[in-house]
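Please open the structure in a viewer and keep the selection tool at hand. The tour below proceeds from one selection to the next.

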Amino acid sequence: MKGSLIIVGFFLLGVACGLGHVFPIDLAGTDISFYALCALMCCVGIGLGSDPQTLHNFRTLSPRLALLPAGTILGTLAGVWVVSLCLAHRSAGDCLAVGAGFGYYSLSSIFITEYKGAELGTVALLANIAREILTLLLAPLLARWFGPLAPIAAGGATTMDTTLPVIAQASGQRFVIVSIFHGFLVDFSVPFLVTLFCGL
């Protein structure tokens, strides 16, 4: 929760700096977001590659658990498509691109800003931060009402990092590896699905 609030705080600080013209150069006219995206992708790769134990633990999981990330992806996209029918000013592709962030706000918002502009990128940032914060707050209730897999599905791409502690507490330690596996696969799908829907 604290990490999410820090991210929101930095976002608001950036907005304030942009509105106040704090920086003497026009950052909007540069490729700075592209280079930030490249650095972010490199950090994601380093993080995954530096923990061989995570990859080893994936091999011990039941093949049926591969259905959980698929269910999260398909369920999220189906829900977003239904919501897009109520948003006449936005195309289904735009809405699906935002939903395909699956809570991975730092990566998806940069991609969407690059492809669709800052307005939709900001919507993606806020929507995906909201998904993470709601998972952090509601995980115990989700586990109690819908079962131990519900907080994992709600967390989307964040279940291998930021929401993992609260999921372990709400669902139990035996679901930690499931949560990491789920987060890894959903996380991996984000750049491909976001760029796919941005191209529609």
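**First stop: H4 and H10**

Select Leu68, Pro69, Thr72, Ile73 and Leu77 of H4; they meet Val178, Phe181, His182, Leu185, Val186, Ser189, Leu193 and Phe197 of H10. Contact here means heavy atoms within 4.5 Å. The residues of this contact comprise 10 nonpolar, three polar and no charged. In this classification Ala, Val, Leu, Ile, Met, Phe, Trp, Tyr, Cys and Pro are nonpolar, Asp, Glu, Lys and Arg are charged, and the others, Gly among them, are polar.

The model is predicted: local features need pLDDT of at least 70, side-chain atom pairs count only at pLDDT 80 or more, and totals for chains, interfaces and linings use all residues. Residues are numbered from 1 along each chain as its sequence is written, and side-chain values use heavy atoms, with hydrogens and water left out.

Now display helix H4 (residues 67-84) together with H10: their axes come within 9 Å and cross at roughly 40°. H4 is therefore oblique to H10. Axes are lines fitted to C-alpha atoms, for helices over the stretch in contact, and angles run from 0 to 180 degrees between N-to-C directions. Angles under 35 degrees count as roughly parallel, over 145 as roughly antiparallel, 65 to 115 as roughly perpendicular and the rest as oblique. The crossing of H4 and H10 is right-handed, a term used if the near helix is turned clockwise from the far one by less than a right angle (left-handed if anticlockwise).

**The whole chain**

Return to the full view. The protein chain holds 10 helices and zero strands, where helices (H or I, at least four residues) and strands (E, at least two) are DSSP runs numbered from the N terminus. Of its 200 residues, 40% count as buried; buried means under 20% relative accessible area, exposed over 50%, and partly exposed in between (1.4 Å probe, protein chains only). Among contacts in the protein chain with a separation of 6 or more, 71% come from residues 24 or more positions apart. The accessible surface of the protein chain is about 11,100 Å², and 72% of that belongs to carbon and sulfur atoms; the areas come from the Shrake-Rupley method with a 1.4 Å probe, and for residues only the protein chains shown count as cover.

**Second stop: H6 beside H10**

Keep helix H10 (residues 176-198) in view and add H6; the two axes come within 10 Å and cross at roughly 25°. H6 is therefore roughly parallel to H10. The crossing of H6 past H10 is right-handed. On the H6 side, select Leu107, Ser108, Phe111, Ile112, Tyr115 and Lys116, which meet Val190, Pro191, Val194, Thr195 and Cys198 of H10. This contact of H6 with H10 has eight nonpolar, two polar and one charged residues.

Is threonine 195 buried, partly exposed or exposed? Threonine 195 is partly exposed, at a relative accessible area of 24%. Leaving aside neighbours within four places in sequence, threonine 195 is in contact with Phe111 and Tyr115. A distance label between the C-alpha atoms of threonine 195 and serine 108 should read 9.0 Å, although these residues are 87 apart along the chain.

**Third stop: H6 beside H7**

Next, select helix H6 (residues 105-116) and helix H7 (residues 118-146), whose axes come within 7 Å and cross at roughly 165°. H6 and H7 are therefore roughly antiparallel to each other. Their contact includes Tyr105, Ile112 and Lys116 of H6 and Ala118, Asn128 and Glu132 of H7. By class, the contact of H6 with H7 has seven nonpolar, five polar and two charged residues.

Centre the view on serine 109, which lies in helix H6. Serine 109 counts as buried, at 9% relative accessibility. Not counting residues up to four places away in sequence, serine 109 touches Gly121, Ala124 and Leu125.

**Last stop: two loops**

Go to phenylalanine 102, in the loop between helix H5 (92-99) and H6. Phenylalanine 102 is buried, with a relative accessible area of 0%. Phenylalanine 102 has a positive phi of about 50° although it is not a glycine. Most residues other than glycine have a negative phi.

Finally, select proline 148 in the loop between H7 and helix H8 (150-155). Proline 148 is partly exposed, with a relative accessible area of 31%. Proline 148 touches Ala143, Ser171 and Phe175, not counting residues up to four places away in sequence. The C-alpha atoms of proline 148 and alanine 170 are 7.4 Å apart, with their positions 22 residues apart along the chain.
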